[in-house]
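Open the model in a viewer and keep the selection panel at hand. The stops below go from one selection to the next.

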2 protein chains.
Amino acid sequence: MVQTVPIILASQSPRRREILTMLGVDFTVEVSAADETVGVMEPGEIVKELAMRKATAVFHHHKEDCMVIGSDTIVWKDGDVLGKPKDEEDAAAMLEKLSGDINTVYTGVCVLYRKNGTVVRDSFFEEADVLFAKMSQEEIRWYVQTGEPMDKAGGYAVQVLGGRFIREIRGDFYTVVGLPLNSLYEKMKRLGALAPENAEEV
Amino acid sequence: MVQTVPIILASQSPRRREILTMLGVDFTVEVSAADETVGVMEPGEIVKELAMRKATAVFHHHKEDCMVIGSDTIVWKDGDVLGKPKDEEDAAAMLEKLSGDINTVYTGVCVLYRKNGTVVRDSFFEEADVLFAKMSQEEIRWYVQTGEPMDKAGGYAVQVLGGRFIREIRGDFYTVVGLPLNSLYEKMKRLGALAPENAEEV
């Protein structure tokens, strides 16, 4: 696959950077302030909306052909949105709530794409169920003091120390990490940001 | 958690090393030749048996208190075992077979544990379903020429370039990578190779 336009990731998250790197594309990272307050919405709509605002805030600064990718992730449990913990106590309470049970991770993606002056906007979300092992009080205290939960939606990371507490995932692993890899790849092919090397294959 | 004995990983796989590193334990890597021919068996029994042989071959060289961890992974599709591809043609044929469909990854683990002269052997396996996106001929050719499929059971890796072709996983992501992280962690706690820092918590 060959990249046809400059790509800009509208997210500071090192996890999203790593996932986008897996696609072998060159990209820059650029973030602009976006309002993150939302009303009462379905979780999939929340992450799509926030991904769209993040991507739009960055896309406004670009008049050239390019693709801007915005993304947002939340953890959903018993009708509550779990964002990033406010403090260690909040992180411990989130883990207590997740322990021994299934939570659902929603990741929204918005792609804004300008090619030869034409702009396409495409938003979608993916969800994945995550089954937590039962955590002891000691494990919760230990995990909180590692600091890993503090900047993660829902207070955990599947790809680092938190992985030991995850029994099972149903969905795209990378949706849980923060960027649905296969869906994003398919979208980039469909929009033409990634094109086959041999034109006769198209 | 505190590690109570030296740990030896009986596998050269860099992926297994990375997963064991996620548990924060110190370990060494040691591999001894083990017969890898098996008769007709259920896939879960095959990986348990091969994990046991790998662990036993290494454990024989150790008389001190220690834990040896052996592991084996196969991909199972339509009743066939897919091991590591023999050559590029074989890799392409495997990917053709996996494209657009579900395959099941079996990873067996054998733990041999000596503590105060008493030896415990514990074997188990985990399985995870992997749903592949439909791959084009160009994608198969491209992926094979990256070289990534060549040393992987089933001809793919979910955690590197191959991740883009994976729609969904049902099971422990790390079972697919090559070592079931949560099950191994739970096993090490139960056997006492990992112990809580505060004794009153046991």
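Start with strand β8 in both chains, residues 166-171 of chain A and its counterpart β8(B): the two strands pair in the antiparallel sense over three bridges. This is a predicted model. To see one of the pairings, select Gly171(A) and look across to β8(B), where the bridge partner is Ile169(B).

**From β8(A) to its neighbour in the chain**

Keep β8(A) selected and add β7(A). The two strands run antiparallel and are joined by four bridges. Pick Val130(A) for a check on the register: its bridge partner in β8(A) is Ile169(A).

Now extend the selection to strand β6 (residues 102-115) of chain A and show β7 of chain A over its whole run, residues 118-132. These strands pair in the antiparallel sense over 14 bridges. One position to label is Tyr106(A), which stands opposite Glu127(A) in β7(A). Where β6(A) gives way to β7(A), the chain forms a hairpin with two residues between the strands. Select Asn116(A) in that turn and read off phi, which is positive at about 50°.

While the strands are on screen, side chains can be switched on; in a regular strand they alternate between the two faces of the sheet.

**The helix pair in chain A**

Hide the strands and select helix α3 (residues 88-98) and helix α4 (residues 137-145) of chain A. Their axes come within 10 Å and cross at roughly 135°. At that angle α3(A) is therefore oblique to α4(A). The crossing is right-handed.

For the contact itself, select Glu88(A), Ala91(A), Ala92(A), Leu95(A) and Glu96(A) on the α3(A) side, and Ile140(A), Tyr143(A) and Val144(A) on the α4(A) side; these two groups meet. Coloured by residue class, the contact of α3(A) with α4(A) shows six nonpolar residues, two charged and no polar.

**The helix pair in chain B**

Move to residues 88-98 and 137-145 of chain B, which are helices α3 and α4; the axes come within 10 Å and cross at roughly 135°. That makes α3(B) oblique to α4(B), and the crossing of this pair is right-handed. Among the residues that meet here are Ala92(B) and Leu95(B) from α3(B), with Tyr143(B) from α4(B).

**How the two chains are related**

Show both chains as traces. What rotation superposes chain B on chain A? A rotation of 180° does, with 0.0 Å of shift along its axis and an RMSD of 0.0 Å. The two copies are thus related as by a two-fold rotation axis. To locate the axis from chain B, select Arg170(B): its C-alpha is the nearest to the axis in that chain, at 2.3 Å. Both copies use the same surface, since 93% of the contact residues of chain B recur in chain A.

**The contact between the chains**

Last, select the contact residues, 27 from chain B and 26 from chain A. On the side of chain B that touches chain A, at least two residues each come from α4, β8 (166-171), α5 (173-177) and α6 (181-191). Which element of chain B supplies the largest share of that side? β8(B) does, with six residues. By class, the side of chain B that touches chain A holds 14 nonpolar, five polar and eight charged residues. The tour ends at the strand where it began, with β8(A) and β8(B) paired antiparallel.

Notes
Residues numbered from 1 in each chain as written. Chains lettered and ligands numbered in written order. Predicted model: local features only at pLDDT ≥ 70, side-chain atom pairs only at ≥ 80, totals over all residues. Axes fitted to C-alpha atoms, helices over the stretch in contact; angles between N-to-C directions. Parallel < 35°, antiparallel > 145°, perpendicular 65-115°, else oblique. Left-handed = near helix turned anticlockwise from the far one by under 90°. Contact = placed C-beta atoms within 7 Å. Least-squares fit on C-alpha atoms with pLDDT ≥ 70 in both. Nonpolar A, V, L, I, M, F, W, Y, C, P; charged D, E, K, R; others polar. Pairing = 2+ DSSP bridges.
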